[in-house]
Amino acid sequence: MRRLLAILAVVAFASAAQAHQLNVFAFVEDGTVIVETKFSTGKIPVSGEVQVLNASSEVILTLPLAADGTVRFPLDVEAATGGMMIEVTTGEGHSDYWILTPEDIANGSGS
Amino acid sequence: MKSIFTSTLAIAALTGTTALAHYGMIIPNDPMISQEDGRSVQLTMSFSHPFELNGMVLDAPVSFSVTHDGETTDLLGDLVGAEVMGQPGFTLDYPLARPGTYVFAMEPQPYWEPAEDSYIIHYTKTYVSAFDDDEGWDTELGLRTEIVPLSKPFGLWEGNVFQGIVMLEGEPVPYAEVEVEYYNEDLEATVPSELMITQTVKADENGVFTYATPTDGWWGFAALNTAPETLAFEGVEKAVELGAVIWVRFEEWDD
C-alpha cells in the first residue's frame with residue numbers, strides 16, 4: 001500500500017496544477033465499485049479511460065468511462081486485498097485518481 | 001509576517017475585558033480534507049475571546065447541523081462534551097462520505113453578558129471541503145443571520161481579502177458592522193494597542209464587506225445586529241445581540 005501511495009503522489013502532482021482539474025471519487029456499494037468523475041468547473045467528462053491498479057501497482061482492469069462520467073464494475077475481493085487505485089484519464093492531460101483503502105472496501109462490500 | 005506581531009509589545013495580556021469581542025467558534029482540524037487526510041473531519045466548538053484564548057461556557061446548542069449538497073442533517077445528538085480553553089465546549093468527529101463542501105452551523109443558547117447588559121446569540125458556521133471538491137463553497141444556509149461568502153471560505157492565502165454579504169432575516173444588511181478577530185492559538189501574536197485585537201469594518205450599501213488578513217491561521221468574522229425582540233433577565237427585558245459568525249482559515253504563503 002505504501003508503494004501504491006508513493007506512485008500516487010507523482011500522479012497527484014501531475015494533475016494538481018491544471019486550471020480545470022479532474023476530480024475522481026470512488027466507493028463500494030453492495031459489492032460494486034462505483035467511480036464518479038467531474039471537472040472542478042462542475043462539468044462531467046463524457047469520455048475517458050479508467051485503470052484499476054492493485055496494491056502492487058499492477059493494472060488489473062481497464063474500462064471506458066461512460067458518457068455520464070461514471071463507471072461501475074464488480075468488486076473482486078481477492079484482487080482488492082490491500083486496496084485499489086482508480087486512475088482516470090480524460091485526455092489533454094487531465095487525470096486524477098482515488099484510493100480505495102481496505103477500510104473503504106470493507107465498509108461497502110456488504111460483507 | 002507573523003514576526004511583526006510577535007515583536008510588538010505584549011499589551012494584550014495587560015488589557016481588561018472591555019475591548020474583547022465574543023465569538024462562537026467551530027474550528028475544524030483542517031478546512032480542506034484530502035483523501036490522504038482520511039475520511040473524517042474533527043471539529044471543536046467553543047465560545048470565547050479568540051485572540052486572548054479566553055474561554056467561556058458553551059452550553060448545549062439549540063441546534064448543530066451539517067449541510068452538504070443541499071441536504072441538512074441534525075448533528076446535535078452527536079456532539080461530545082469537551083473542555084476548550086478551560087471551559088465547557090464540544091467536539092465532533094464527522095465522517096465525510098462524499099466529496100464537496102460541508103457547512104457546519106451552530107445556534108447556541110442565548111448567552112447573558114452582564115457587561116453589555118444584553119444577551120448574545122452567535123449563529124456560527126464554517127465550511128469544509130472534502131476530497132478536493134469545492135462545490136457548494138458559496139452555500140447560503142438561510143440562518144436567521146449569516147455571512148454568505150463571496151470569497152471561497154477555504155484555500156485562501158494569508159494576505160488575501162475575504163468578502164462576504166451580511167444577511168439578516170434573509171436580506172442584506174447595508175453598512176453592517178463586522179468585527180474580525182484572529183484565533184491566537186499559540187498566543188504568539190501580540191498587539192501594540194488593544195484597539196487592534198478586534199478589527200472592525202463596515203459593509204457597503206449592499207451588505208458586502210471586505211477584509212485582508214495580515215497572517216495565516218483561523219480568522220473569525222462576526223456581523224453584529226440587534227434583534228427586534230427582547231429576552232427577560234431577572235424579570236427585566238434585555239436586548240439581544242444577533243451575531244453572524246463565519247470562521248475562515250488562511251494558509252501560509254510558502255515560497
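Q: Which residue stands opposite B:Ser40 in S8(B)?
A: In this predicted model, B:Ser40 faces B:Pro95 of S8(B).

Q: What makes S3(B) and strand S8 of chain B count as a pair?
A: Two strands pair if DSSP finds at least two bridges between them. S3(B) and S8(B), residues 87-95, have six bridges. The cut-off is therefore met. The sense is antiparallel.

Q: What makes strand S1 of chain B a partner of S3(B)?
A: The argument again rests on bridges. At least two are needed, and S1(B), residues 23-28, shares six with S3(B). The pairing is antiparallel. Within it, B:Ile26 has B:Met45 of S3(B) as its bridge partner.

Q: How many bridges join S3(B) to strand S4 of chain B?
A: Three. The threshold is at least two, so S3(B) and S4(B), residues 54-56, qualify as paired. They run antiparallel. B:Phe47 stands opposite B:Met56 here.

Q: What lies between S3(B) and S4(B) in their hairpin?
A: Four residues separate the two strands. B:Leu53 sits in the turn and has a positive phi of about 55°.

Q: Why is strand S3 of chain B called largely enclosed by the rest of the structure?
A: A residue is buried if 20 or more other C-beta atoms lie within 10 Å of its own. Seven of the ten residues of S3(B), residues 40-49, are buried, so the strand is largely enclosed.

Q: Why are strands S4 and S7 of chain A called edge strands?
A: The open sheet in chain A has four strands in the order S4-S3-S6-S7, with antiparallel pairing. S4(A), 59-64, and S7(A), 94-100, each pair on one side only. Neighbouring strands of this sheet are turned by 15° against each other on average, direction ignored.

Q: What makes strand S6 of chain A a partner of S7(A)?
A: Seven bridges join S6(A), residues 84-91, to S7(A). At least two would do, so the two strands pair. They run antiparallel. One of the matches puts A:Thr89 with A:Ser95 of S7(A).

Q: What is the make-up of the side of chain B that touches chain A?
A: The contact takes seven residues from chain B and five from chain A. The chain B side divides into two nonpolar, one polar and four charged residues.

Q: How do you know where to be careful in chain B?
A: Chain B averages a pLDDT of 92, and 92% of its residues score at least 70. Over residues 1-18 of chain B, however, pLDDT stays under 50. Where pLDDT is low, predicted coordinates should not be read in detail.

Q: What ipTM and pTM does the model score?
A: The ipTM is 0.82 and the pTM is 0.89.

Note on methods
Residues numbered from 1 in each chain as written. Chains lettered and ligands numbered in written order. Predicted model: local features only at pLDDT ≥ 70, side-chain atom pairs only at ≥ 80, totals over all residues. Contact = placed C-beta atoms within 7 Å. Nonpolar A, V, L, I, M, F, W, Y, C, P; charged D, E, K, R; others polar. pLDDT = per-residue confidence, 0-100. Axes fitted to C-alpha atoms, helices over the stretch in contact; angles between N-to-C directions. Buried ≥ 20, exposed ≤ 12 C-beta atoms within 10 Å, placed from the backbone.
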